[in-house]
Amino acid sequence: MTQISDGGILNAAVKETNFNFEGQTAFYRGKVRDVYDFGDKVVMVASDRISAFDVVLPRPIPFKGQVLNQIAAKFLTATKDIVPNWLLASPDPNVSIGVRCETFPVEMVVRGYLVGHAWRTYKSGLRTLCGVTLPEGLKENDKFPTPIITPTTKAHEGHDEDISREDIIAKGLVSEEKYVQLEKYALALFERGTEMAAERGLILVDTKYEFGEKDGVIYLIDEVHTPDSSRYFFIEGYEENLAANLPQKQLSKEFVREWLIANNFQGKEGQTVPEMTDKKVLEISNRYIELYENVSGEKFVAQSGEDVIGRIEGNIKNYFGI
């Protein structure tokens, strides 16, 4: 397993980019991506920023952007027979270029197991999540009889909010016809992701999908089956841990959330992000690399160098011939 131990790479992490390209028509900075519009194309730079509880944490994580970008590209390529997707090219380890779409204002969260937010809701005594009725008698990490969809609104700032299928349609966020299609795509993508995970000895626990539309065609956009959008368990030991009420060994960003919760931070007003030491930053970086190698089945090849920003800018310019 590839391990990063050189503290010098901390200075090479990409916290943000501020390019101004010829032909660029707009710029938007998301929680972890810097997005450059070029008319009918969009350039997404996967930075090394990391967010949890919808808050961008103070320090970037080396190679996190590369991990996300390369995993997403792998799964976008592997699922394009299910639904068209936005990806046209990935000219740099941190960059994806694709079709510019009008984004649907909801995220399709598919859950196969009772974990994370769903478990915290269930544990509180509630039995409905996003309009979906949850069975009685479940415990943490149990598998649902069939995967469920628990959509959220897509917030540009602040927290995404749970929302039901009925409210999405009633509020006109997405038409019923298109929403039904989004559900079909989301479940088919989850099934494919589950199959691909099983080949790697993993369980795809839950994930989220984002969709957009161009010229009446629905596209899968953004990232797919990455550690920022998905949670994985290891198949080995799952049943034994479940029977013994032990935590599951998992690959996801949940370990970051758990560290924050243990240090009294859940993104609530008045709370302060705990100190992220160099040691903690390197630990998180190595966990992302571990996830990359487990999910992709490929050895991680770290791309850094002294001028990472210059490399990214140069590769984007080369793509557009500017």
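Modeller: Let's fix one term before we start: a pocket is an open set of points on a 1 Å grid over the protein atoms alone, with protein on both sides within 12 Å along at least five of seven lines. Bear in mind, too, that this is a predicted model.

Colleague: Fine by me. What volume does the second largest pocket have?

Modeller: The volume is the space filled by probe spheres set on the grid points. For the second largest pocket that comes to about 390 Å³.

Colleague: And which element gives the largest share of its lining?

Modeller: The lining of the second largest pocket has 21 residues, with Glu140, Asn141, Pro247, Gln250 and Glu258 nearest the centre. Elements that give two or more residues are α2 (116-123), β16, α5 and α6 (254-262). By class, the lining divides into 8 nonpolar, 6 polar and 7 charged residues. The largest share, 4 residues, comes from α6.

Colleague: Asn141 caught my eye there. Is asparagine 141 buried or exposed?

Modeller: Asparagine 141 is in the loop between β11 (132-133) and β12 (143-149), and its phi is positive, about 80°, although it is not a glycine. Its relative accessible area is 8%. Buried means under 20%, so asparagine 141 counts as buried.

Colleague: I spotted another asparagine with a positive phi, at 245. Is asparagine 245 buried or exposed?

Modeller: Asparagine 245 sits in the loop between α5 (238-243) and β17 (250-252), with phi near 55°. Most residues other than glycine have a negative phi. The relative accessibility of asparagine 245 is 59%, and the cut-off is over 50%, so asparagine 245 is exposed.

Colleague: On to the closed spaces. How much space lies in the second largest cavity?

Modeller: A cavity is a set of points where a 1.4 Å probe fits but cannot get out. The structure holds 4 cavities of 30 Å³ or more. The space in the second largest of them is about 60 Å³.

Colleague: Which element gives the most to the lining of that second largest cavity?

Modeller: The lining is made up of Arg33, Met44, Ala46, Asn69, Ala72, Leu76, Trp86, Ser96, Asp222 and Glu223. Two elements give two or more residues, β3 (41-46) and α1. Sorted by class, the lining has 5 nonpolar, 2 polar and 3 charged residues. With 3 residues, the one that gives the most is α1.

Colleague: How many residues of α1 are buried?

Modeller: Helix α1 covers residues 64-78. Its buried residues include Asn69, Ala72 and Leu76, and those three also line the second largest cavity. For α1 as a whole, the buried count is 11 of 15.

Colleague: What distance separates the end C-alpha atoms of α1?

Modeller: The expected span is 1.5 Å times one less than the number of residues. For the 15 residues of α1 that gives 21 Å, so the helix agrees with expectation: its ends are apart by 21 Å.

Colleague: Same check on α4, then. What distance separates its end C-alpha atoms?

Modeller: Helix α4 has 24 residues, 176-199, so it should span 34 Å. Glycine 201, with a positive phi near 75°, follows α4. The expected span agrees with the end-to-end distance, which is 35 Å.

Colleague: Asp222 was in the cavity lining. Which residues does aspartate 222 touch, leaving out those up to four places away in sequence?

Modeller: Aspartate 222 is in the loop between β15 (217-221) and β16 (230-234). At 13% relative accessible area it falls under the cut-off, so it is buried. Its contacts beyond four places in sequence are Arg33, Met44, Leu76, Trp86 and Glu210.

Colleague: Now isoleucine 312. How far is it from asparagine 94, C-alpha to C-alpha?

Modeller: Isoleucine 312 lies in helix α8 (residues 308-320) and is buried, at 0% relative accessible area. Its contacts outside four places in sequence are Val14, Phe19, Val45, Asp92, Asn94 and Val95. Isoleucine 312 and asparagine 94 are 218 residues apart in sequence, yet their C-alpha distance is 7.2 Å.

Colleague: Last one: how many disulfides does the structure hold?

Modeller: Cysteine 101 is buried at 13%, and cysteine 130 is buried at 12%. A disulfide needs a pair of cysteine sulfur atoms within 2.5 Å. The number of disulfides in the structure is 0.

Note on methods
Residues numbered from 1 in each chain as written. Predicted model: local features only at pLDDT ≥ 70, side-chain atom pairs only at ≥ 80, totals over all residues. Heavy atoms only, no water. Buried < 20%, exposed > 50% of the residue type's maximum accessible area, 1.4 Å probe, protein only. Contact = heavy atoms within 4.5 Å. Nonpolar A, V, L, I, M, F, W, Y, C, P; charged D, E, K, R; others polar.
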